[in-house]
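Open the structure in your viewer and keep the selection panel at hand. The tour goes one selection at a time.

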Amino acid sequence: MMKQVFKRTEGLKDKEFHYCGGCLHSVVHRLIGEVLEEMGLLDCTIGICPVGCAVFMYDYINTDMIEASHGRTPAVATAAKRCNPDKLVFAYQGDGDLASIGMAEIVHAAARGENATFIFINNGIYGMTGGQMAPTTLVGQKATTCQFGRDPKVHGMPMKMAEMLSVLDKPYYIERLAPTSPAGVNKTKAAIKKAFQYQLDGKGFQLLEILCTCPTQWGMTPVQALNHVDEVVKQTYPLGVFKDGGEKL
Amino acid sequence: MYTEAVFVGMGGQGALLAAQILAHAAVHEGKNVVWYPAYGPETRGGTATCTLIISDEQIGAPIAPNPEILVAFNQTMLDKYIDQVKPGGMVITNSDLCEPITREDLTEYRVPASSIALELGNPKVLNMAMAGALAMVAKSVESESVNWALENQLPEKIKKTIPINMQALELGKERVQKTE
Amino acid sequence: MSNRKLLKGNVAFCYGAMAAKVDAFFGYPITPQNEVPEYLSVLLPEAGKVFVQAESEVAAINMVYGAAATGHRAMTSSSSPGVSLKQEGLSYIATCELPAVLINVQRAGPGLGGILAGQGDYFQTVKGGGHGDYHLITIAPWSVQDAYDFVPWAFELAEKYRNPVCILADGVIGQMQEAIELHDVDVKISEKPWAADGKKKAEKAIVNSLWVEPDKLEEVNRTLHAKYKVAKENEIKFEEYSVEDADLVLVAYGTSARICKSVVDLGRKQGLKIGLLRLITLFPFPDKEILRLSEAGKNFLTVEMSMGQMVEDVFMSVCGKSSVDFYGRTGGNILTVSEILDYAQKVIKDPCGPCTRSWEI
């Protein structure tokens with residue numbers, strides 16, 4: 001009998017991801033699943049899924065899941081947590097969901113200091129609908145609705161959500177991460193764990209902005225996409241802790 | 001017994017509260033009541049109007065666009081509403097602030113509500129003098145019930161005015177006079 | 001006598017919500033329903049329950065969705081333009097088969113409209129309102145007593161059918177005060193094994209309205225409609241008033257029905273054979289009852305504070321067997337007894353005739 005050295009986390013259901021090769025949604029899903037399992041939270045968690053590429057997340061994460069309408073994930077999470085204060089509630093949103101159609105909901109959830117964990121996937125593009133411009137699309141980046149690249153004169157500038165939400169008084173923990181390397185993956189996992197622990201300790205609103213890749217819509221190979229995040233995307237969206245009530249910054 | 005009255009006054013004259021106290025009194029007597037305030041644009045310019053319906057039977061229409069009785073606290077509102085009173089209906093006016101009416105098909109009752117209030121040393125209780133006049137004329141509620149309503153339904157912060165409100169009510173009943 | 005209380009309709013909704021043991025309310029200010037969030041912002045936290053003033057109507061209905069999805073009794077209230085904003089959320093709630101209650105204190109529309117009473121949201125409420133094939137079970141109060149009683153009833157229906165229920169009121173019901181009995185309500189809260197409540201169970205719960213397989217989604221539609229059929233068989237409620245020997249039956253709901261009751265009383269005094277069919281459930285709609293009355297030779301006059309909405313359902317119900325006339329006022333103008341009576345007299349003499357849509361331009 002061979003020794004088992006790796007096993008799929010119990011935090012994920014036995015279902016193949018639908019994500020494209022090189023997309024980091026699957027990495028973040030796995031990290032969430034692993035943290036939930038390691039913290040023993042699989043039977044006391046309510047997850048809220050977005051509309052966007054992660055719309056099928058309820059098929060993957062092995063907890064109770066609610067599928068929200070586009071952008072309303074923070075509203076659903078607000079109610080889920082207020083009505084079930086003893087449960088862990090996490091919400092998962094892409095950049096269209098959180099920073100465009102659902103901007104009001106995330107800002108107000110943050111302003112109220114809702115004690116839930118908001119995981120924000122920023123890949124600068126609308127993946128599922130076919131590569132349209134997102135509020136987070138970089139200056140010069142091409143998309144199907146800005147075919148010559150994002151022009152600040154026409155399309156304005158990218159939304160920096162972690163920075164924006166950090167000026168509010170109530171958020172407890174806001175960090176921007178990029179799981180583009182083994183170290184980045186480990187850091188992201190540690191941040192998810194820290195956010196969940198803060199929630200269990202009743203600290204209040206936590207948001208992790210996670211820079212992710214979209215090789216399909218960026219027109220890159222998975223490796224090129226990872227490098228692109230490290231070399232280009234991080235210049236607009238610098239990594240770091242923007243708010244942490246539990247640490248001196 | 002069926003009383004259908006519209007109270008009209010300016011903000012601060014207490015028209016709404018007067019009607020509401022009568023409504024509480026009627027509820028206390030086991031009667032059916034509708035109290036319906038004008039809200040929104042109708043109240044712009046500081047006017048205050050409401051409908052009061054008191055009945056032994058189940059009340060149908062909860063509003064009275066052409067009321068049987070108009071209770072007018074001042075001339076401006078009397079002028080604005082007098083044409084709406086049902087032909088053959090009744091008008092109760094604050095005689096200190098209203099000229100005698102000219103519509104000949106209506107019965108007019110006048111009560112010096114402002115004078116009563118000043119005499120009692122609190123200009124605010126003119127509304128209960130008006131309420132007393134209506135209670136007297138329409139015989140829709142007993143004085144005891146109105147006193148009960150004053151004791152039990154006035155907002156906490158003006159509870160100390162209960163006795164003077166009761167006096168205003170009685171003086172309104174006493175001094176209301178039909179114009180012959 | 002002394003257990004009767006003079007209360008405003010909007011406040012009665014709040015006591016009704018407390019009697020119904022509501023767990024959570026989410027809402028956004030809009031006239032003429034503002035007393036509802038104002039009172040519940042005190043009553044619910046006092047009882048250890050949840051109240052959130054949401055950032056918008058859209059957020060509010062999605063909070064209702066979230067609370068209902070975790071198995072809690074959740075409700076919202078609003079008025080016409082605000083209810084328009086909630087339609088997407090209601091479609092999700094209906095499709096996920098979640099019980100929830102919406103109070104619509106209708107105001108005059110369309111657009112920003114006015115803040116006085118109207119009944120122009122009939123179509124939006126009973127025909128679905130949001131996208132897709134769903135319906136709200138819709139009940140129409142006509143008194144402050146109903147405002148209190150209908151909230152527990154709405155939750156009972158919502159849980160029985162796992163479907164959102166709309167209490168379709170209007171500005172008059174919301175703003176008027178009447179004497180009501182705050183009687184005890186026997187509240188039976190249903191088991192919710194489907195709830196995504198984060199509790200340990202054999203299989204994880206998923207609350208979802210996304211079905212990419214056409215056959216599966218069609219099955220969802222069929223399930224919803226099978227439910228509506230059962231509701232139609234069991235839940236229809238109306239009141240007949242002097243209908244028995246009437247030649248002309250007024251059909252109305254809510255404030256209009258109250259006014260029509262006075263029309264019937266006055267008309268009868270004048271020797272007119274008129275009656276009133278006051279509809280209480282608007283969805284399911286009592287089409288069989290209306291057909292039965294039309295087969296008995298009665299003509300109808302539908303009375304609404306709209307340009308003619310419910311009249312379409314009355315018209316369809318009679319199957320061409322009798323005449324359906326219409327009288328309506330809009331803009332916040334409240335119907336008067338005398339104008340309806342005048343119109344009724346005209347209709348008695350000269351009905352529009354079967355298969356004629358009298359209300360259309």
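The stops below go from one whole chain to its contact with another.

This is a predicted model, in which local features need pLDDT of at least 70 and side-chain atom pairs count only at pLDDT 80 or more, while totals for chains, interfaces and linings use all residues. Residues are numbered from 1 along each chain as its sequence is written, chains are lettered from A and ligands numbered from 1 in the order in which they are written, and side-chain values use heavy atoms, with hydrogens and water left out.

Select chain C and show it as a cartoon: there are 13 helices and 15 strands. These are DSSP runs, numbered from the N terminus: helices are H or I with at least four residues, strands E with at least two. The radius of gyration of chain C is 21 Å, close to the 21 Å of the globule rule for 361 residues, so chain C is as compact as a globular protein of that length. The radius is taken over C-alpha atoms, and the rule is 2.2 Å times the number of residues to the power 0.38.

Switch to the C-alpha trace of chain C, which spans about 70 × 55 × 40 Å along its principal axes.

Next, add chain A and look at the contact (heavy atoms within 4.5 Å). It takes 32 residues from chain A and 34 residues from chain C. The two chains bury about 2600 Å² between them, 60% of it on carbon and sulfur atoms. Buried area is the accessible area (1.4 Å probe) that two parts lose on being put together, summed over both.

Last, select A:Asp43, A:Asp64 and A:Cys83: in chain A they lose the most area to chain C, together 23% of what that side buries.
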